[in-house]
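Q: I'm new to this structure and would like a close look at a single part of it. Could you show me how the helices pack, and then how that part fits with what lies around it?

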Amino acid sequence: MKPDLQLSLQFADARHRGVLARHRVVRFIRTALEAPGRIAVRIVDEDEGRELNRGYRGKDYATNVLTFDYEHEPEVVADLVLCAPVVEREAAEQGITLEAHYAHLLVHGTLHAQGWDHEDDEEAEAMEARESELLATLGVADPYARG
């Protein structure tokens with residue numbers, strides 16, 4: 001049985017609202033969630049994505065997903081911020097659907113929210129393997145198998 005999830009889904013950029021139906025977002029997050037969670041997902045435009053990445057990570061560009069994790073236990077409390085234009089561009093470059101890419105990024109962000117990281121090669125290998133395993137249960141092709 002999957003853990004409970006309280007989800008706040010916000011669209012500052014609504015271009016992908018149809019792809020990101022609430023039930024899909026819940027399914028993607030709950031696939032990776034190992035404890036009850038309170039997670040806010042905010043879909044932003046390039047300006048907000050860049051501002052957040054610059055302000056919190058010191059990187060002056062919009063990135064695909066930012067995870068702000070506040071608590072890991074007894075429940076996971078986090079904000080996941082996804083930049084719609086970056087996600088759209090990456091999906092096109094990789095030749096995959098928007099839904100598949102959002103699934104990957106939501107799984108990735110949810111793992112970060114629980115303390116997973118990819119700062120060194122060993123952590124990256126473990127996290128990528130877990131992502132691939134979880135995405136397979138969703139019917140999403142392994143994003144790391146592409147060459």
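A: Let's start with a term we'll need: a crossing of two helices is called right-handed if the near helix is turned clockwise from the far one by less than a right angle, and left-handed if it is turned anticlockwise. Keep in mind that this is a predicted model.

Now find helix α1, residues 22-32, and helix α4, residues 98-113. They pack at an angle of about 45°, and their axes are 8 Å apart. Angles from 65 to 115 degrees would count as roughly perpendicular, and those under 35 as roughly parallel; α1 and α4 are therefore oblique to each other. The way α1 passes α4 is a right-handed crossing. On the α1 side, the contact is made by Arg-24, Val-25, Phe-28, Ile-29 and Ala-32. Facing them from α4 are Glu-99, Ala-103, Leu-106, Val-107, Thr-110 and Leu-111. Sort those residues by class and you get eight nonpolar, one polar and two charged.

Helix α4 has another packing partner, α3: here the angle is about 115° and the axes are 9 Å apart. This crossing is right-handed too, with α3 passing α4. Ala-84, Val-87, Glu-88, Glu-90, Ala-91 and Gln-94 of α3 make the contact with Leu-98, His-101, Tyr-102 and Leu-105 of α4. By class, that is six nonpolar, two polar and two charged residues.

Follow α3 (residues 84-94) and you arrive at the sheet: this helix lies across β2 and β4, running at about 65° to β4. The sheet is open and has four strands in the order β1-β2-β4-β3, with mixed pairing. β1 (5-11) and β3 (65-71) stand at the edges with a single partner strand each, so one side of each has no neighbour in the sheet. From one strand to the next, the twist averages 15°.

What about the two strands under α3? β2 (residues 37-44) and β4 (residues 76-83) pair in the parallel sense over eight bridges. One example is Ile-43, whose bridge partner in β4 is Leu-82. β2 also pairs with β1, again in the parallel sense, over seven bridges, and Ser-8 stands opposite Ala-40 in β2. Six of the eight residues of β2 are buried, so this strand is largely enclosed by the rest of the structure.

Conventions. Residues numbered from 1 in each chain as written. Predicted model: local features only at pLDDT ≥ 70, side-chain atom pairs only at ≥ 80, totals over all residues. Heavy atoms only, no water. Pairing = 2+ DSSP bridges. Axes fitted to C-alpha atoms, helices over the stretch in contact; angles between N-to-C directions. Contact = heavy atoms within 4.5 Å. Parallel < 35°, antiparallel > 145°, perpendicular 65-115°, else oblique. Nonpolar A, V, L, I, M, F, W, Y, C, P; charged D, E, K, R; others polar. Buried < 20%, exposed > 50% of the residue type's maximum accessible area, 1.4 Å probe, protein only.
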